[in-house]
Amino acid sequence: MVKTAATGYSPTVMVAIEQRFPESTRIISDDLAARILPAATRLRMLLWPRDLMVRITEKKVPGVWGGILCRKRYIDYRLAEAAGGQVETVVNLGAGIDTRAYRLPALARLPVFEVDLPENINAKRSRLMKVLGEVPAHVTLVPIDFDREDPGAVLASNGYAAEMRTFFIWEGVTQYLTEEGVRATMDFLAKAPAGSRLAFTYIRKDFVDGEVFYGHEYIYKTLVLKGKNWRFGMDPENVADFLSGYGWRVLEHLGFDELAERYVKPTGRKLLSMPIERMVYAEKL
Ligand SMILES: C[S@@+](CC[C@H](N)C(=O)[O-])C[C@H]1O[C@@H](n2cnc3c(N)ncnc32)[C@H](O)[C@@H]1O
């Protein structure tokens, strides 16, 4: 059974292995990804030849390599754009071991809140202390369980100023929550000031409900049936209405093939398509 907190590491492992491609064919560049991972993971990674890792991952979970790297690249792009005056602070909901708060120059001037389960927050703090010698002053690490706690109250008690226009990241997280957990977070997002931004991913509801597998039987068996890790999905047709119920308007709603056109095609690499996860970028009205 997969432990939910442990899923915070896999995207960063993929980003770290991606750094072994020459810069011209990399989907994302991140010189912190390998260093922030625990020593044991880094040691194991030394035994994993780059192309074999991509092949094995693509075989088990078709499309996951490009899917995760493209979603990271897209959110980085939107963040850098919005950090140029559109937003005043950043909240990464379910940040896992993501590194963008520490590597994107545009974020160095903004208060950034990284929110995750206590286990991941503690692990991240200890890795940051090892790698950077500190948790940088602009970043606050916030422990929470979205299914049990109110993000507004927890963030406020950690110094988040709710009146500031905020860029919310909710990357690879919604599927792990109950519908109540998602709605509680949306209730909090409904109070964000106009002009705030939200970049989030979701898994198709027909997949989580076991109606259509999209070639992802392995993930369905592991994360939905056995592990009960993935619990929430959305129907692409309903996303705009769902968000509008909380005062948000969709600016862009993308599938993997559109992301791959932007970020994989220029590298000349051939990666499988990720049909079950989609990306949404929205603004608060
Ligand atoms: C697949 S990882 C994504 C991590 C990161 N956003 C990324 O894309 O690199 C999912 C993250 O959501 C967090 N998460 C899942 N359920 C949560 C909950 N109930 N409360 C807080 N965090 C949760 C996990 O701990 C994990 O770090």
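Visitor: What makes up the shell around the ligand, by class?

Guide: Nine nonpolar, nine polar and five charged residues. Ala, Val, Leu, Ile, Met, Phe, Trp, Tyr, Cys and Pro count as nonpolar, Asp, Glu, Lys and Arg as charged, and the others, Gly among them, as polar. This is a predicted model: local features need pLDDT of at least 70, side-chain atom pairs count only at pLDDT 80 or more, and totals for chains, interfaces and linings use all residues. Residues are numbered from 1 along each chain as its sequence is written.

Visitor: Which residues of the shell are closest to the ligand?

Guide: G8, P11, G94, G96 and G172, out of 23 that surround the ligand. A residue is near a molecule if its C-beta atom, placed from the backbone, lies within 6 Å of it.

Visitor: What makes strand β4 mostly covered?

Guide: Five of its five residues, 166-170, are buried. Buried means 20 or more other C-beta atoms within 10 Å of the residue's own, with C-beta atoms placed from the backbone. T166, F168 and W170 point one way, F167 and I169 the other. Strands here are DSSP runs of E, at least two residues, numbered from the N terminus; helices are runs of H or I, at least four.

Visitor: How do you know that β4 pairs with β5?

Guide: Pairing takes at least two DSSP bridges. Four bridges join β4 to β5 (residues 197-203), and the strands run parallel. I169 has A199 as its bridge partner in β5.

Visitor: Why is the β4 to β5 crossover called right-handed?

Guide: The chain goes from β4 through helix α9 (residues 179-189) to β5. With the strands pointing away from the viewer, a right-handed path over the helix runs clockwise. This crossover is right-handed.

Key: Buried ≥ 20, exposed ≤ 12 C-beta atoms within 10 Å, placed from the backbone.
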